[in-house]
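Morning, everyone. Let's get straight to it: please look at the sequence and the fold on the screen.

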Amino acid sequence: IAGQKAITFKYFDYDIGRKKVYRQGGGRYVVSPYGLIWNSENYYLVAFDHGHRELRHYRVDKMDEIVITGLGWEGRELYPEFQLAEYGQKHFGMYGGQELKVTLRGRRDKANLVWDRFGQDVILVPDGEEYFTVTLPVVMSPQFFGWLLGLDGSVTIIGPKEAVSAFRRRLTAALEELP
């Protein structure tokens, strides 16, 4: 990271027998590392993926055969204002999804949960005596939806319609998976 050089590695998951199964058929990933994030007992490498031309994150313990290359760092022109902490806050549980600006409505006693998740700089707008609203960028992921569901209706998505529909689809899919 400090040397601002690209790296290559193989990335894997484990099968049911705890054997490594390499993604991309064992092909090597080529990335420019931006930083490390600790989340849920794991380190993640945030890096610019040369092939996909976007920022992605990888669990460090699932990276194999890491090699520092002579290739220069890429992605700065696409992410000139990149902030590692902000990236980590948006990507709940380090899973990907569509980033979207959403408006949440919550009970005032849940303000601390929003600040804990999104940072103290987030501005909550009073909505009557009992509620607030907040508009912020989030990654529409199962982890984000799980966070909302865990708040038992005390914080909800109220816009845009695309975000509300995505949450409904996720809830419907979860119900359909039940026996």
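Start with helix α2. Its buried residues pack against α1 (84–90), β7, β9 and α3. Keep in mind that this is a predicted model.

Which residues of α2 are buried? They are A111, V114 and F118. These three cover an arc of only 65 degrees around the axis, so they sit on the same side of α2. Just after α2 comes G119, with a positive phi of about 100 degrees.

Now the wider core. The largest nonpolar core has 24 residues. F118 is among those with the most contacts inside it, along with V102, L104, M140, F144 and I157. Which elements give two or more residues to this core? They are β7 (98–107), α2 (111–118), β9 (131–140), α3 (142–150), β10 (155–159) and α4 (161–176). The most comes from β9, which gives five residues.

There is also a second core, separate from that one. This second core has nine residues, including I7, V31, L45 and M63.

Next, the surface. I1, L36, W38, Y43 and V60 make a nonpolar patch there, of about 500 Å². Take Y43 from that list. Y43 is found in strand β4, residues 42–49. Why does Y43 count as partly exposed? Its relative accessible area is 47%, and partly exposed lies between under 20% for buried and over 50% for exposed.

To recap: α2 has its buried residues on the same side, two separate cores are listed here, one of 24 residues and one of nine, and a nonpolar patch of about 500 Å² is on the surface. Over to you.

Terms used
Residues numbered from 1 in each chain as written. Predicted model: local features only at pLDDT ≥ 70, side-chain atom pairs only at ≥ 80, totals over all residues. Heavy atoms only, no water. Core = buried A, V, L, I, M, F, W, Y, C linked by side-chain atoms within 4.5 Å. Buried < 20%, exposed > 50% of the residue type's maximum accessible area, 1.4 Å probe, protein only. Helix = DSSP H or I, 4+ residues; strand = E, 2+ residues; numbered from the N terminus. Arc of directions from axis to C-beta. Contact = heavy atoms within 4.5 Å. Patch = residues over 30% accessible without salt bridge, like charges linked within 9 Å, V, L, I, M, F, W, Y side chains within 5 Å. Areas by Shrake-Rupley, 256 points an atom, 1.4 Å probe, with all protein chains shown as cover. Salt bridge = Lys/Arg side-chain N within 4 Å of Asp/Glu carboxyl O.
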